[in-house]
Amino acid sequence: MGERVYVATTVAAGCILGAELSATAATEDLQAAYGVFAQEATQLKADYQPQTVNTDGWEATQAAWKQLFPGVTLLLCFLHTVLAIGQRCRSQATLFKTLMGKLWNIYHATSAAEFMERLQHLQAWAIAQTLPETIVTKILHLSVKAPQFTIAYDFPEAHRTSNMLDRLMNYQNRILFSMQYFHGHQDSANLALRAMAILWNFHPYSRRSQPSPTDTVSPFEQLNGFYYHPNWLRNFLIAASINGRGGGKFNKHTIH
């Protein structure tokens, strides 16, 4: 009751692939929490190895992923840097707009060399202006992070920001706020998190985003390219039952 906990969330292709409670934000606990996703992924594919993963700058998260998947390449979220600088000048509308434009101009560079060139121009501009010291320091500190940003150019299809994760964590946050967070123990909290995840993965998108009135495209179908049943709830129950495989127990479902 009243204790701070963390949710190690893994997403890809619009689906929540892992969401496990972590008692602390330290590497050991995060590794155990993300390790649930790693274990389940390798149960499906023994040699599963993600090529890249995009994270924020929390070193414990990055260390946990490196220990779980030694071959993975860590990419640093550029959005977090933009937000960190933007927060320092949000009350100054003109400066905020100018800095956001310059930062995203760096992000849209087409090569690592162009990224570094644009970054140098921004840093020279920042030094020449009369900016708050905290902003200048942040901009100059981008040189330290630059190698983690530019490595993304070796993986053109990799995510360079964590927008997808942020959108799905917003869904988690809204539900957790509505239910006044957790009230039981860790096992029940993890079951609640998994329920949120599979409901998200199988819910049908709104009618406005469906190509035709008969479509029931869900994140699950979009990721896997098929569905078990056109009724989303039947599809959800069939997929969640895993049909008795993987040690699960087969249960018949009836929908009235």
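**Exercise 1. Which cysteine sulfur is closest to the sulfur of cysteine 15, and why is there no bond?**

Solution. The model is predicted: local features need pLDDT of at least 70, side-chain atom pairs count only at pLDDT 80 or more, and totals for chains, interfaces and linings use all residues. Residues are numbered from 1 along each chain as its sequence is written, and side-chain values use heavy atoms, without hydrogens and water.

- Step 1. Take the criterion: a disulfide is a pair of cysteine sulfur atoms within 2.5 Å.
- Step 2. The closest cysteine sulfur to that of cysteine 15 belongs to cysteine 77. The gap is 20 Å, too far for a bond.
- Step 3. Try cysteine 89. Its closest cysteine sulfur is also in cysteine 77, at 18 Å, again too far for a bond.
- Step 4. Search the whole structure: zero disulfides turn up.

**Exercise 2. Classify cysteine 15 and cysteine 89 as buried or exposed.**

Solution.

- Step 1. Set the cut-offs: buried is under 20% relative accessible area, exposed over 50%, partly exposed in between (1.4 Å probe, protein chains only).
- Step 2. Cysteine 15 has 2% relative accessibility, so it is buried.
- Step 3. Cysteine 89 has 0%, so it is buried too.
- Step 4. Put this in context: buried residues form 38% of the 256 residues in the protein chain.

**Exercise 3. Describe the fold of the protein chain.**

Solution.

- Step 1. Count elements as DSSP runs, numbered from the N terminus: helices (H or I, at least four residues) and strands (E, at least two). The chain has ten helices and four strands.
- Step 2. Read their order: β-β-α-β-α-β-α-α-α-α-α-α-α-α.
- Step 3. Add dimensions: the C-alpha trace spans about 70 × 45 × 40 Å along its principal axes.
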